[in-house]
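Let's take a walk through this one together, from the overall build down to a few charged side chains. Keep the viewer open as you read.

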Amino acid sequence: MSSAGEDDTADDPQRFLSRESQVSRHVTFRNDCSRTCSVFWLDFSGREVFYKRLKPGEQYRQQTYLSHPWVAHADPSTEFLLLNQKRVFLPTRNEGMVLITDSEDTSRGPSPHS
């Protein structure tokens with residue numbers, strides 16, 4: 001399993017987990033889908049930890065760290081959504097807004113953590 005912060009082009013949530021970090025960052029998650037979604041942090045074991053449910057058009061500000069990955073699912077399914085065009089979002093020093101959109105490929109199946 002890769003740790004957050006490594007260059008992993010697979011974009012597979014099962015390959016990401018959080019690492020210790022001292023670089024704090026605030027990001028804003030905005031639901032640009034036409035349906036409700038849930039936002040999850042991937043913890044130090046790579047497990048999804050629920051943080052927030054967002055209705056279409058809603059947004060919220062979240063404190064996080066540069067090495068902490070995030071994913072989102074459409075509710076009530078486990079279908080992965082995209083966060084800034086990727087299945088896994090890793091905060092950067094420059095990125096403050098995270099747009100949650102529908103996945104272009106819905107054939108990937110259910111969440112690996114369900």
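**A walk through the chain**

Start with how the chain folds back on itself: if you take the contacts between residues at least 6 apart in sequence, 60% of them join residues at least 24 apart. Keep in mind that what you're looking at is a predicted model.

What is the chain built from? There are 7 strands and 0 helices, so if you read from the N terminus on, the elements simply go β-β-β-β-β-β-β. Of the 114 residues in the chain, 43% are buried. As for the outside, the chain exposes about 6200 Å², and carbon and sulfur atoms supply 44% of that area.

Now pick out the sheet. It is an open one, made of 3 strands in the order S3-S2-S5, with antiparallel pairing. Strand S3 (48–54) and strand S5 (70–74) each have a single partner strand and stand at the edges, so one side of each has no neighbour in the sheet. On average, neighbouring strands here are turned by 30° against each other, if you ignore direction. Zoom in on strand S2, residues 37–42: 6 bridges join it to S3, and the two run antiparallel. A handy landmark is Cys 37, which stands opposite Leu 54 in S3.

On to the charged side chains. How many salt bridges does the structure hold? The count is 5, and a good place to begin is Arg 35. This residue forms a salt bridge with Glu 79, with the closest N and O atoms 3.0 Å apart. The pair links distant parts of the chain: Arg 35 sits in the loop between strand S1 (24–31) and S2, Glu 79 sits in the loop between S5 and strand S6 (82–83), and the two are 44 residues apart.

Arg 35 has another salt bridge to show you, this one with Asp 102, where the closest N and O atoms are 2.6 Å apart. Asp 102 lies in the segment after strand S7 (97–101) and Arg 35 in the loop between S1 and S2, so this pair ties together parts that are 67 residues apart in sequence. Put the pieces together and you get a network of salt bridges linking Arg 35, Glu 79 and Asp 102.

Are the members of that network buried or exposed, or something in between? Glu 79 counts as buried because its relative accessibility is 18%, and the cut-off for buried is under 20%. Arg 35, at 27% relative accessibility, counts as partly exposed. Asp 102 is partly exposed too, with a relative accessible area of 33%.

One more pair is worth a click, and it takes you back to the sheet. Asp 75 forms a salt bridge with Arg 53, the closest N and O atoms being 2.6 Å apart. Arg 53 belongs to strand S3, while Asp 75 lies in the loop between S5 and S6, so the salt bridge ties together parts that are 22 residues apart in sequence. Remember that S3 and S5 are the edge strands of the sheet. Asp 75 is partly exposed, with a relative accessible area of 21%, and Arg 53 counts as partly exposed at 48% relative accessibility.

Methods: Residues numbered from 1 in each chain as written. Predicted model: local features only at pLDDT ≥ 70, side-chain atom pairs only at ≥ 80, totals over all residues. Heavy atoms only, no water. Pairing = 2+ DSSP bridges. Helix = DSSP H or I, 4+ residues; strand = E, 2+ residues; numbered from the N terminus. Axes fitted to C-alpha atoms, helices over the stretch in contact; angles between N-to-C directions. Buried < 20%, exposed > 50% of the residue type's maximum accessible area, 1.4 Å probe, protein only. Contact = heavy atoms within 4.5 Å. Areas by Shrake-Rupley, 256 points an atom, 1.4 Å probe, with all protein chains shown as cover. Salt bridge = Lys/Arg side-chain N within 4 Å of Asp/Glu carboxyl O.
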